[in-house]
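The following note is offered to a colleague who is meeting this structure for the first time. The points are numbered for ease of reference.

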Amino acid sequence: MLPASDAGEWVVLGRVSGIYGVRGMVKVFSFTEERDAILDYSPWYLGPARRPWVLEDGRMQGEGVVAKLEQVDDREQARALIGQEIAVLRAELPDPGAGEFYWSTLIGLRVLNREGVALGTVSAFLETGANDVMVVDDGKGGELLIPWSAEASAGVDLSVGRIIVDWQADW
């Protein structure tokens, strides 16, 4: 098992959502853009302890992903994994292209508008039919939903941990 690492070293790619069949396969809810891309990584590090599990096999099954992990050979062993996050080390991911970011890299960044008004911090991203949406925690118990666009990504400055957006504080 790897030693505990900074949360920033890990990227959560999905979670175990159920069991499949009788031979220890698990259903996986994948957060990757292409659902089956989660199968490109092994080992998977599960749960808060980030225990490594080697991916033995996996495939698309209907709209979802199913996987077989080494040393998980029956339904009860698979059932024990339900709900656990699937993470990989950030260093295992390919570098994003210029002007592109993994959403997980942006979580926690401060968000300011062009006038310098602090809007809050990024808490999540939502994938919608029209465009992606950045969820900003305003620090007062509320949220702002700000459309994510190429223009918004141009305002990302990872070196100072902030994103500048074209968004009014009272919208």
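**Notes on the fold**

1. An open sheet is formed by six strands, in the order β11-β10-β9-β8-β13-β12, and its pairing is mixed. The edges are held by β11 (143-147) and β12 (156-157), each of which has a single partner strand, so one side of each is left without a neighbour in the sheet. The reader should bear in mind that the model is a predicted one.

2. Within this sheet, strand β8 (residues 110-113) and strand β13 (residues 162-165) run parallel and are joined by four bridges. One residue pair can be named: R110 has R162 of β13 as its bridge partner.

3. The chain as a whole has three helices and 13 strands. Its C-alpha atoms fill a box of roughly 60 × 35 × 35 Å along the principal axes.

4. An unreviewed UniProt entry carries the annotation "domain: RimM N-terminal" for residues 13-91. Over residues 13-91, strand makes up 48% of the chain and helix 6%, while the end C-alpha atoms lie 13 Å apart.

5. Of the 171 residues in the chain, 34% count as buried. Among contacts with a separation of 6 or more, 51% are made by residues 24 or more positions apart.

6. The accessible surface of the chain is about 10000 Å², and carbon and sulfur atoms account for 50% of this surface. The chain bears 15 positive and 27 negative charges, and the mean positions of the two sets are 7 Å apart.

Conventions: Residues are numbered from 1 along each chain as its sequence is written. This is a predicted model: local features need pLDDT of at least 70, side-chain atom pairs count only at pLDDT 80 or more; totals for chains, interfaces and linings use all residues. Side-chain values use heavy atoms; hydrogens and water are left out. Two strands pair if DSSP finds at least two bridges between them. Helices (H or I, at least four residues) and strands (E, at least two) are DSSP runs, numbered from the N terminus. UniProt positions are given in the numbering used here, feature names are shortened, and annotations may be inferred rather than shown by experiment. Buried means under 20% relative accessible area, exposed over 50%, partly exposed in between (1.4 Å probe, protein chains only). Contact means heavy atoms within 4.5 Å. Accessible areas come from the Shrake-Rupley method with a 1.4 Å probe; for residues, only the protein chains shown count as cover. Lys and Arg count as positive and Asp and Glu as negative; His and the chain ends are not counted. The place of a charge is taken as NZ of Lys, CZ of Arg, CG of Asp or CD of Glu.
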